[in-house]
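Me: Please examine the following model with me, one question at a time.

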Amino acid sequence: MTDKKLPIQQRMLTFLKKRAIGTGRFFKRIWAHPKGKIGLTVVSLLVIVAVFAPWIAPYDPYDVADRTTKGLTPSLQHPLGTTINTGVDIFSMLIYGTRISLIVGVTAGVCIAFVGAILGVMAGYIGGFADNLIMRTVDVLLVIPSLPLVIVLTNVLGRDYWIIIFIFVALGWGGLSRNIRSLVLVIKNSNYVKAAELAGASRWRIMTKHILPGTSHLLIMSTALGSAGIMVAEAGLSFLGLGDPTRISWGRMLAEAQGGGALLFGHWWWIIAPGIGIFLAVFSFMRIGIVMEEVLNPRMKQSTGIHKIFKTLSGDYINEVFDSMEETEQPTTSERSAAKA
Amino acid sequence: MNEKTSGSDYILEMENVSVDFPVKGFTAFLKRQKISAVSDVSLRIEKGQTFGVVGESGCGKSTLANTMIGMVKPTAGRVTFKGKNLFELDRKSFKKTRRDMQMIFQDPFSSLNPRFNVHDIISEPLLIRGDATEEEMKARVVELLELVGLSKDDIDRHPSDFSGGQQQRIAIARSIILNPDFLVCDEPVSALDVSVHAQILNLLTEIQEKLGLTYVFISHNLAVVKNICDRMVVMYLGKVMEGGSAKAIFDNPRHPYTLALLTAVLDTDVDKEKEEIILEGDIPSPIDPPQGCRFWQRCPHAMEGCKNVPVPEVEIERDHYVACHHVNGFPDTDLPEGYDRPVKTEEAERKDKSHPLKTEESVESKTDA
Amino acid sequence: MKKSYIVKRILYSVFIFFVVLTLNFFIPRIGVDDPAERYYPPQGNMSDAEYEIIKELTREQYGFDVSTPRQYLNYLSDLFLEGNMGTSFRSGSPAVTDLIIDRLPWTLVLSVSTLLLGLIVGILIGVVAAMKRGRWQDTMLLNASTIMVALPAFFIALVFSFFLGFEAELFPAYTNPDMVSDFSWSLDSLRMVAYNAALPVISMAFGSIIGYAQGTRNAVIAVTGEDFILTARSKGLKPNAIRYKHTLRNAMLPIVTSLGMSISGLIGGQVVIEQIFNWHGMGTLFLEANNTNDYPLMMGIMLLLSAFTIVAILVTDLIYVLLDPRVTVGEKR
Amino acid sequence: MNREQTNENMLAVRNLKVVFPMAHGVIRAVEGVDLDIKKGESVALVGESGCGKSVTSKSLMKLLDTPPALMRVDDITLDGESLKDYSEKKMQDIRGRHMSMIFQDAMTSLNPVMTCGRQIDEMYMRHQGMDKKEARKHTIRALELVGVPEPKSRARNFPHELSGGMRQRVLLAMAFACMPKLIIADEPTTALDVTIQAQVLDVLRDMQRTHGVSLLLITHDLSVVSNIAETVYVMYSGKIVEKAPMKELFRTPYHPYSEGLLKSVPKLSDEGKQFVQIPGSVPHPMKKPSGCYFHPRCPYATEECRQSMPPLEKRGEDRLVRCFHPLKHDAKEAKTA
């Protein structure tokens, strides 16, 4: 029995199994990294909060009927108080805000990685006209200040959060594809790609087996970092009141806090809470991104902590190492032959 | 090169092959500059033999190798592999033909994908050909690992776990998995530790004997070439300076450049007084090289005529060709005035200036003034 | 060789500017057949006939009554021959150019001081951290930067305006409108500007300080590992000579490159900060324009901001050429 | 060669050790190396990658960074002056002035944004207190001495504008600028083409001999050694395994590793397609074998070699060897070897 003759379902199954094992191993390595634990924990927490928001949140912030007294200070019923202008439970808003942040951030981050990878590989590997076109577009994208452009486009295209994601993706792939392209150029000229070409590999095989895996560390890292960046941008947009008007997001909470008199009445928690939400999401995604880069990049040696190693080295141990290299007094050859005789 | 006309004994023939690359850049575009990497090279490689290509960086030996295996298309000339013109084949038969040719690179680490394990690296050509089952592939990989002196326990390890010599062994195993006839070795040992050079060279000769391969062996070290090559060419700035049977060339080296290269080789016989030839100047740029001999700027015997009278390759003895006016004499036609005056009069002056150690005082007075 | 590179670089910047210009022209025309519909969207209580008349008037007023290519040419000739970017929707139909010129200096006050503050403090911190590699100064920078990059500038601005503005009353939480209306070139007036600009500048500079510090640290450390620093040390040069003549000069190269790239983000991010402090700059003008769908004004501001970025990137590229003798024709990037 | 023959050492190193603590263990780069270089002598330190030869050269000038390296030495004396307890500040006066270095890759060893001339000027300005103008005069002369044509305009060139051979000459001029007592050349020609290599070696040899400077040449290339060195140290995995005058080493190597190195390099005089090979590869610096480090690759290894490290013993005039079973050569062999 060989793989070739197996039915397609079984081959798919073994493929998926391999992938699942690989993914599992990958997460284990991230977890094993000293910086990975915090990132992974916080991200999983955020995902749980986002998915189970209706069960976690004590009130439904979308429900107009579910409102209480305005401007309450934090208490057991309202851990973060209520808003001054509308009387919505701030804690529940915070919980629901996780959803939009994660959806917009992760979706846009993944799509940007996808688009950036395809265009970057195309520009680098195919070259010629495609390269020129793509790189000139990137140059244009990088000179237009992005937030104003996003604002103009939401004005023209609409403010539904799917449209916002689309705009972020359309404007955000430039930097990544430029980086991917320069990496692809390096890999493309490497001897192992040449060897594969000599072995008769098709362009498709070279792209999928040699070039794309070579950029994977950059891609995965940029997905995480890109998601973090998009979360900040989305929060900024919502803060300006230009996000999806039907959704509660952390940025919009900040805007309401500013407009609703949190500053005047000294309700600092109303500002701090969504800020911490944004911070946690962005921080944990960035952490994971950096850890992924370190885990995946074959060139990245774990040079971190050489100073730490130096600090922890005990003088005794070092002396021992140096002394162990000392020449021991040994009989010279002539003495030995004399002894033998 | 006209003693044999039938191509049957030759696995690869190159006829008047030239490769030019355009120079990139705005000003270069206006002047239409080009790099002449390989210029008018003809050679024939016999089946089962080892053919040496010797030269320094920029001499075009790598471009020549890439042209042989069809990675670079020549600007002019024909490359015939097993009787088929390599660049007139359609895509499919080109790919099929090229399976019979493989290459070993200088830096073994960069020639192995760091993300693949040994099995995936070695079996890749087989996988691409696509007519072997998993088991067959694995068996073949194990067989090859043993052939190149590695253990079958290494099959799951990654390139970075191996030393340079072992990595080169892996690369060799990959290159012979499809049973090619023709193997191009591009400086296969120069990136390795001195003490493993011999291991790799011996492995290559051993494999050649076992599988009846034809080698093209590229090197800058004449001693290596002497010991394993049957025929060879010495290249300089894209042109063949001297070529033919290795024995003839080493017994009777004639080209000034070959002589200079020979003195750079290690000789452990330290008691023998060695005459050293040190060439002046730098290797010139291959952009728009001179019409005449490309070596004239550095040649100790250069004459005025060498600058612009084209140099033909002349057979000075059986299977020994030299392209040098100094050796062959000038042709009878169209010679410029004073062609046989040595260039070195002005060169010698420059040489004196650049070696102030010999005229210490004159320099002293010059700088003080 | 260098000259032709510079010429090429300038020509390319002009090309990019034209592409941006063209985009600017077409963005308001996305998704509508007639730009008049974008400029004057249908109102609920309006009959079709009425709306047709209004559209007709809009077309006439904004020059939409000719073919699109013709409109484009008019747009270009207005812009280049008369410096005219159209008229705003505001009452009194002021020229976009005038509105922008009124706000431009105020925006520049913020951007330039943020950039300078970020660069000077950032590079200083970065150099110190690189020299004290592995010690507490360096560790502190690393830890601070992982936290700071996750804090958006507008959140920092909000916190500052709350705690330093409202609670501590050290600085104004909102810009005093008198700053603009009573401005004169007097010491008092300038002091007032500085007093009002303090919070916005500091909250924006936070991020860029950390960014430049990180970049400088990495660049300096990378250069310190280069062979030529070893050569300089083997020559017996004094540490200061090595630091200033060899290390910093080379470390400046990547910093200059990243500087050009960071300017676009800085300009974009300022929109939010200006809004928080109600600063009398182009950012607030832009948001006002957005809220009133004032397209000529919006696109005018966009164009100016893009032009700024293009010039900034061009300038940093030219500085790079001055600093690095290796750059020849098209070698960079 | 008209230099005075004195037996006094220009450089003497006693028991130099360098280690690199890493996350997974300790790399023992140099394990107790002794070196002696006489005045005006040229000495070669030969070894393969990872044998610790470059680390040795850097530690002689105390150029190793701590961290990551830790160095310990019984004594380093330069011209009778003990450098062991010299502070970094005092070392700065020694470097370049009395001891200078030539590195392998001139492209990366020269500051890319500074003209070549400026980089040599620095030597004169730092060590001889000259002003810019005077320094430049000397720079031009130094460039002339190492055979750079048109030194005046070349001094104004940036490193990338020169060819590889010229760049290496600039490094030579820099190293010889203050006529130091000792020059350490770390693989000075490895990155160059063979014909250019010959030029640079020629200049190096001429300069060294006419100025009577001591030279420590670090290389893996035996052909370079045979061209220039008078005495050779062979290093393997952090230890000196053999010391001998160059010709004697080439005629009659005592250590099996030296023999293997000499024989495994292809020579013009060889016949046939078989090369003499040393099996195995250089041990990983963190996983060195027990006993003699060379025993896994040595054809003569015995149980004793597996157990303990042989001492470095005197064997004949001016020769040292670290081996329990040094090779024997009878007189006849010695001539034809």
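Me: Which residue in S8(D) does D:Ile102 stand opposite?
Reply: In this predicted model, local features need pLDDT of at least 70, side-chain atom pairs count only at pLDDT 80 or more, and totals for chains, interfaces and linings use all residues. Residues are numbered from 1 along each chain as written, chains are lettered from A in the order written, and side-chain values use heavy atoms, without hydrogens and water. Strands are DSSP runs of E, at least two residues, numbered from the N terminus; S7(D) and S8(D) (residues 182-186) run parallel, joined by 4 bridges, where pairing requires at least two DSSP bridges. Within S8(D), the residue opposite D:Ile102 is D:Ala185.

Me: Which residues of strand S7 of chain D lie on the side other than that of D:Met99 and D:Met101?
Reply: In a regular strand, side chains alternate between the two faces of the sheet. Both faces of S7(D) (residues 99-102) are covered, and the residues on each are buried, meaning under 20% relative accessible area with a 1.4 Å probe, protein chains only. Opposite the side of D:Met99 and D:Met101 are D:Ser100 and D:Ile102.

Me: How many salt bridges are there between chain C and chain A?
Reply: The contact (heavy atoms within 4.5 Å) takes 50 residues from chain C and 43 residues from chain A. Buried area, the accessible area (1.4 Å probe) lost on being put together and summed over both parts, is about 4000 Å², with 77% from carbon and sulfur atoms. For salt bridges (a Lys or Arg side-chain nitrogen within 4 Å of an Asp or Glu carboxyl oxygen), the count is 0.

Methods: Buried area = accessible area lost by both parts, 1.4 Å probe. Buried < 20%, exposed > 50% of the residue type's maximum accessible area, 1.4 Å probe, protein only.
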